[in-house]
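Reader: I am new to this structure and would like to understand the terms used for it. Could you take me through them with care?

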Amino acid sequence: MTRHPVRTLGDVYDHPVGRDVLDKIALQIGVSPSFIVNPLTRRLPLTVLDRVAGRAAPGLVAALTDLLEMNPDRLDDADTHTEGQSEPPWWQGAVFYQIYPRSFADSNGDGIGDLRGIIGKLDYLQTLGVDCLWLSPIFDSPNDDMGYDVRDYRAVMDLMGSMEDLDELIEQVHARDMRIILDLVVNHSSAEHEWFQEALRDPDGDKAAYYFLREGSSDAPPNNWVSFFSGSAWRWFDDIKRWGMHLFAPSQMDLNWDNPAVRREVADIVQFWLARGIDGFRMDVINYISKNAGLPNGVPAVGELVGFTGIERYFIGPHLHDYLRELRSAGFTRPDGSHALMVGETPGIGIEVGRLLTNRQRREMDLIFNFDVLEPPGKIRWDDYRYPPAYFLDFYLRYLRRLGPSDQMAIFAENHDNPRIVSKITLDPRWRGAVAKLIAAISLTLPGTPFIFQGQELGAVNQNFTSLDQLRDVESLNYFRELIDGGAARDEAWDRILAGSRDHARVPMRWTVEGGFTTGQPWITGTDMEAGWSAAEQLDDEHSVLNFYRYLISVRQYFAHDDFTLLTRSGHYAAWTRGHYLVEVNLSERTIRRPLSVRRMPGRTVMTSLGSTVRSERPRPDELPPYGVLIRLLD
Ligand code: ISL
Ligand code: CA
């Protein structure tokens with residue numbers, strides 16, 4: 001790999017990491033990237049930039065060059081050819097469905113969703129038409145972070161059922177021609193994992209070297225990194241007189257991937273599960289696994305900018321690509337040479353680095369989640385704001401323009417860490433169904449691999465939680481405390497929690513009007529009781545969001561491998577074709593006119609987003625109603 005020196009602003013932009021960073025800055029300040037990088041500024045030496053920026057944000061430029069130099073990989077032209085590529089892999093045309101097992105279906109009345117609950121809903125999932133299920137963590141865990149803190153990577157969590165239940169689930173999924181992937185949480189393990197327990201018993205032994213344990217004095221953590229769940233990323237273990245690193249909750253101890261034994265363990269775990277028949281893994285915060293050698297302090301200016309001090313020391317660490325390639329071959333390769341699916345959860349990763357991680361020629365991962373889609377510029381999840389649906393579409397359109405033939409993007413609007421997309425876009429109940437369908441239409445007809453989060457297909461909305469004791473999530477509870485400790489008024493703190501809490505997505509699925517999730521007391525209670533929005537009601541309603549999803553998923557097979565052409569994108573209107581299908585959308589809450597050029601294209605209407613909530617009259621043929629979608633099959 002040739003190393004390119006990074007001396008000028010142009011060098012930064014020619015570097016994948018640099019381009020992602022500068023694109024992000026441009027997006028945040030609302031200018032085109034060419035406003036920052038153009039023929040005039042390209043030659044600007046970074047030393048000069050540092051002198052200018054250095055006053056306001058000391059160390060920022062140096063942090064950036066460090067990051068770039070540590071990551072020399074580029075996609076060269078040779079990486080983008082398609083010759084010799086066989087059939088498109090199965091996941092390229094697939095629709096994924098994320099299950100949060102704890103809240104999906106409870107089979108035994110203990111109030112907690114479980115594997116047998118999922119088995120009982122396979123008919124529903126098959127009717128929906130999804131191709132692959134992704135289950136959030138089901139491995140043995142003390143559940144400080146709802147399974148994202150694994151105690152035993154080879155055992156099923158008691159609350160979820162047994163290994164036999166899982167085997168049966170895998171078998172039944174496959175019998176229905178679907179696939180199933182699980183969640184691999186290996187940036188960290190639970191402190192209750194036997195490795196960590198062993199480390200506590202013998203802080204100089206093998207297992208201690210699986211983690212980041214540092215000697216020192218109990219009043220000064222080894223560096224200034226902060227945890228995503230509030231406070232320092234270090235916790236003092238008085239018994240062994242060492243600090244232990246946790247980027248997430250204090251019981252989620254980061255694993256040291258620089259230790260080859262750790263990488264071996266992870267590969268073995270993956271092999272263990274592949275042998276049981278699973279089709280791959282979603283890989284939790286996988287881009288955080290390679291930390292900078294020596295764990296240097298984060299640059300405070302970066303911390304202020306992005307909110308998490310230290311992040312530039314690990315979000316694209318020096319060995320990330322190597323470790324992934326190694327894991328792909330040692331863990332994700334089956335005895336017959338085929339590969340199981342690797343879907344990376346990669347917070348902070350932009351489009352260019354995303355391509356490095358998933359380009360088929362590079363043999364690292366297959367898909368990643370690019371989280372920049374979730375918040376428009378200037379917003380974070382805790383802000384109470386309305387998300388413009390145009391941002392969702394334009395984000396993926398821009399993403400697409402940057403992809404080559406060996407790249408594929410994942411498309412998603414929701415997951416278990418985020419509020420519901422409908423509520424982000426509108427609080428007006430009149431548009432609930434239309435907005436849900438708009439997101440469905442974009443997600444399912446753009447080229448890319450769509451991921452639907454449970455309940456999204458029902459147009460689920462946020463919950464009207466009224467007090468802290470209704471919440472369960474460690475992140476929300478910690479953040480509330482952090483805000484209060486920082487001097488915020490209770491109302492003000494509560495508003496932020498209510499806007500961004502992960503618990504909005506984690507309340508039980510609404511199977512029936514009465515609920516239908518459990519016969520007992522659910523572990524967390526949803527407040528949305530609105531009639532018409534449960535699965536049972538929607539199955540019977542031809543205009544429901546659920547049936548809109550079903551329709552699009554069922555016809556997707558006819559265009560999933562066809563070309564995409566953007567016909568028009570202006571104002572609140574967009575139109576595109578995918579194969580023989582023509583999709584038109586209204587991204588606003590006002591009725592808009594359809595352009596004549598598109599109206600004149602010969603074909604017949606096969607689906608509209610009418611119905612569900614607003615039983616408005618048939619719209620005029622030259623108009624699209626608020627948030628409307630019109631799908632035609634062209635002659
Ligand atoms: O919620 C966030 C922190 O503010 C997100 O950044 C989230 O933590 C991040 O996307 C990583 O999420 C994943 O790993 C976490 C777990 O809590 C999340 O549920 C999981 O999706 C730690 O394992
Ligand atoms: Ca149960």
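The exchange below takes up the sheet, an annotated span and two helix pairs.

Author: Some ground rules come before the terms: this is a predicted model, in which local features need pLDDT of at least 70 and side-chain atom pairs count only at pLDDT 80 or more, while totals for chains, interfaces and linings use all residues. Residues are numbered from 1 along each chain as its sequence is written, chains are lettered from A and ligands numbered from 1 in the order in which they are written, and side-chain values use heavy atoms, with hydrogens and water left out.

Reader: What makes E2 and E5 a pair of strands?

Author: Strands (E, at least two residues) and helices (H or I, at least four) are DSSP runs, numbered from the N terminus, and two strands pair if DSSP finds at least two bridges between them. Strand E2 (residues 132-135) and strand E5 (residues 179-184) are joined in the parallel sense over three bridges, so the requirement of at least two bridges is met. Within this pairing, Trp-134 stands opposite Ile-181 in E5.

Reader: In what order do the eight strands of the open sheet run, and which are the edge strands?

Author: The order is E13-E12-E11-E5-E2-E1-E15-E14, with parallel pairing. The edges are strand E13 (367-369) and strand E14 (410-412), each of which pairs on one side only.

Reader: Which residues does the domain annotation cover?

Author: The UniProt annotation "domain: Glycosyl hydrolase family 13 catalytic", from an unreviewed entry, covers residues 98-506; such annotations may be inferred rather than shown by experiment, and their positions are given in the numbering used here, with feature names shortened. In the model, the end C-alpha atoms of residues 98-506 lie 12 Å apart, and the span is 32% helix and 14% strand.

Reader: Why are H10 and H12 called oblique to each other?

Author: Axes are lines fitted to C-alpha atoms, for helices over the stretch in contact, and angles run from 0 to 180 degrees between N-to-C directions. The axes of helix H10 (residues 260-275) and helix H12 (residues 320-330) come within 9 Å and cross at roughly 40 degrees. Angles under 35 degrees count as roughly parallel, over 145 as roughly antiparallel, 65 to 115 as roughly perpendicular and the rest as oblique, and H10 and H12 are therefore oblique.

Reader: Which residues of H2 make the contact with H13?

Author: The axes of helix H2 (residues 16-29) and helix H13 (residues 351-358) come within 7 Å and cross at roughly 145 degrees. Contact means heavy atoms within 4.5 Å, and on the H2 side it is made by Pro-16, Val-17, Arg-19 and Asp-20.
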